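Trainee: I would like to go through this model step by step. Where should we begin?

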Amino acid sequence: MFNLRALFRKNRAEQEMDDELRFHLEKQTEQNVARGMSAQEARYAALRQFGNLGQVKEECRDTWGARMISEFGQDLRYGLRQLRRNPGFTTVAVLTLALGIGANTAIFSVVDAVLLRSLPYKDSAHLVWTALQNPKSDLHWSAVPHPTYFAWRDKNDVFSGIAATHFTGEFTLTGAGIPERIPGKSVSANFFSVLGVELLRGRSFTPEEDRRGGSRAAILSYGLWQSRYAGDPGVLGRPIMLDDRDYSVVGVLPASFKFPTSGRQPQVFVPLAAPSDASSAIWFLDVIARLKPGVTLAQAEADLSVIDSRTLPLLPKFLGSYTQEVHLRVVSLHDQLTGSVRAPLWTLMAAVAFILLIACANIANLQLSRGSVRARESVLRSALGATHSRLARQLLTESMLLSAMGGFVGLLGGFWGVGLLRSFVPSGLLNVQDVHVDAAALALTIAVSALAGVISYFAPMLTLFSPNLSLTIQAGRGQGPRSRKNAFRQNLLPLVEVASAVVLLVAAGLLLRSFLRLTGVSYGFDSHNVLTARIFLPLDRYSTEPQQAAFSSQLLDRISVLPGVRAASLATSLPNTLSMKVRVGIEGRPAPALNDPAASVPLDSVGGGYFRALGIPILSGRGFENRDGPNTAKVAVVNQEFVRRFFPHSENPIGQRILIAVGTSDQTVVSIIGVSAAIRRVGPGGNPLPQVFLPLTQSPSDEITALLHTASDPRAVVPALRSQVLVIDKQLPLANIATMDDLLAGETADQHFETMAVGLFAALALLLAGLGIYGVISYMVSQRTSEIGVRMALGAQSGDILWLILGHGTKLALIGMAIGVAGALTLTRFLASQLYGITPTDPLTFITVSVILIAVALAACYIPARRAAKVDPMVALRYE
């Protein structure tokens, strides 16, 4: 207690210590007087017995800890004065550290929100994603047929709950203001209880509602409740219209609820009501389950595999190989939702770690140069009694001061960086809206700042403990002795910086080249100035094909003549998405097997003008025309890939008749009237697929997409398009309005984010490496001023000095580059899975990076080299 009181009430403790020492001294003096001494002799004897009072007081203060605090305060004030006296050094050091720390703070905030933070559900670690997938099938969903889901639900021994969801789509909401398309989901009755979510108002679905023919119930998201119903607490029990059907609101979800999906968040939920039998109408479901306590993923997979071995053979045969070669997957829900961005985000964390390493190397180099200049000061302080530990504490205090200032500025930069990164991060990620600098990021910033301070402290500390007193004093002007050891330390740090920059630049170069190749891939159609908008025809009013065909024809006639529209058409799906697949055969040939994947091709119904609107060439024959009506002969256009697969011997496909079947339904016979060029429907990395197009007049649909190729900005025709739809039907809203360019850009959003971020950090690393080389060469020039003067006095020309300095800098850059290339060859192989069209050892990337780095190194060396070449020999000799 006394020690603590002494630390915080120093004056009173000092007074108490003086009083106590005075008491003991007077007591001893009285005893000496009692022994017969005079008063003066007794006091002198007592003083001799006590010894040096000042030393006794110091020993007392040591027991309080006050001395350590006092010295720390002195070091702190001295460090602040030193930094204030060198504003250039302080500014460069703080900004350098701020760049490294700020980049780490920003990226960690993204990684923490997306990868490290738990999902917003109760005991989310026990939530798993279960799926069946056939890698040989074109069915790319990792979804589960509904009979399999029922078997898992009823027979498993590993889950405390298992739920399913279906229909990632939209509903037309009417009866509550302007008709609107809203995203929705159908979920099983226990879906929210499996997730551990409690509704804000009302209840979840009952088992009676979650069956075929059950009453229609709906649960609203908090956002929809607020925007369409003004947060009315009486919304429970209110009827709403979804796709022209009555639903009753039974619950409202809390504002914090997030649906476990990487896409748009649903705003309304309806019961799943899956069919109870394994009929031909198989539903493919997304299945989420909660593990029982103590059950592992492997145990869950083993349990479900036993169930699958009994149930999969019982599925309808039209599923073909899907039922025979599927693989069961049970993964954590968190991994399922973040798997696509896990590697890119960890790559970015590695990149910013390199940035921090380079920044620390720069600071250490600055400190090392400054420490050499301050060697005389250190030697003199040592000669006056300062211990090595005291000098080391002083140096550590200055380093920590710099890192604290850099951390503070870096934290401010982190706030800005998070905002910048949020604009690049793919928006569909769960938790992406929660990315911000929070307590965890603040703790990381403090830890990184402390680490940076310690790392940048070690190099100058080594110089501190190897002073040569005589050489230092002889050096005069505060310059330390130059030796091979000091030169090695000076050169080592730039080598680290250059090598780290090479690794980052190569990674950025590989990602950039990969991204350019990916975005440079032609989809086979012209996406420029194309507007798309989805229209869903309610089956209550458009239940028959003639009704759907009449609406499509009327709409196409109206939008084709809109001002600014060059070409317009309708289609059942977007050209960059995978549409419904059908089984096809050629008339006169043996019918393909049900499970023959080669006979399965995408099919789209399109309106006249489809190929013109998207710039898809018709290679032979013709496209669809007005004469291809519902009462004329059935016709089709196939693409080039279709011809290659089904007519491999150069037969003329025009006039050939093909058989089209969906599942086990009856076959439709159509005649090929044209062959179009092939397009990529599964992303820029996918290959063109065989395709069949049918005229929308002969094969209408209740879900169509309007495609308008305009002369200028396609968004300008949205009001006109909407008004034409409302003229035909006042209850039909437009949905998913977007330009084709934006849709294609969304497919490469992950690659765009990673490329932009790594490229930004690589540029930062290059800048820091350049500054590092500049600092070393500048310091070398200042140290060798006298030598340069002697060389010039002996006849060396300015050009000789210029090349001497440039040569030293270039040598440093080449050695660092060689180390960096070796490191890049080792580390960039982890990027192989994220590259498209190039290898991790792409020669052009390595050569380009090497050229850039050499150019930057020469630029960094040129200014100090130029300064050295202008040294006056007489001035340089007097400098010594």
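**A buried serine and a helix pair**

Mentor: This is a predicted model. Begin with Ser 188, which is buried, with a relative accessible area of 2%.

Trainee: Which elements flank the loop that holds Ser 188?

Mentor: Ser 188 follows strand 4, which covers residues 180–187. On the other side of the loop is residues 191–195. The flanking elements are therefore strand 4 and helix 8, and the loop residue between them is buried at 2% relative accessible area.

Trainee: Which residues does Ser 188 touch, leaving out those up to four places away in sequence?

Mentor: Contact here means heavy atoms within 4.5 Å. By that criterion the partners of Ser 188 are Tyr 149, Ala 163, Ala 164, Asp 210 and Leu 272.

Trainee: What share of the 880 residues counts as buried?

Mentor: A residue is buried when its relative accessible area is under 20%. Applied to the protein, this gives 51%.

Trainee: At what angle do helix 23 and helix 24 pack?

Mentor: Two packed helices are described by the angle between their axes and the distance between the axes. For helix 23 (residues 785–793) and helix 24 (residues 798–827), the axes are 10 Å apart and the angle is about 145 degrees.

Trainee: How many residues of the contact of helix 23 with helix 24 are nonpolar?

Mentor: Helix 23 contributes Ile 788, Arg 791 and Met 792, and helix 24 contributes Ser 798, Ile 801 and Leu 804. Of these, 1 is polar, 1 is charged and the nonpolar ones number 4.

How values were computed
Residues are numbered from 1 along each chain as its sequence is written. This is a predicted model: local features need pLDDT of at least 70, side-chain atom pairs count only at pLDDT 80 or more; totals for chains, interfaces and linings use all residues. Side-chain values use heavy atoms; hydrogens and water are left out. Buried means under 20% relative accessible area, exposed over 50%, partly exposed in between (1.4 Å probe, protein chains only). Helices (H or I, at least four residues) and strands (E, at least two) are DSSP runs, numbered from the N terminus. Axes are lines fitted to C-alpha atoms, for helices over the stretch in contact, and angles run from 0 to 180 degrees between N-to-C directions. Ala, Val, Leu, Ile, Met, Phe, Trp, Tyr, Cys and Pro count as nonpolar, Asp, Glu, Lys and Arg as charged, and the others, Gly among them, as polar.
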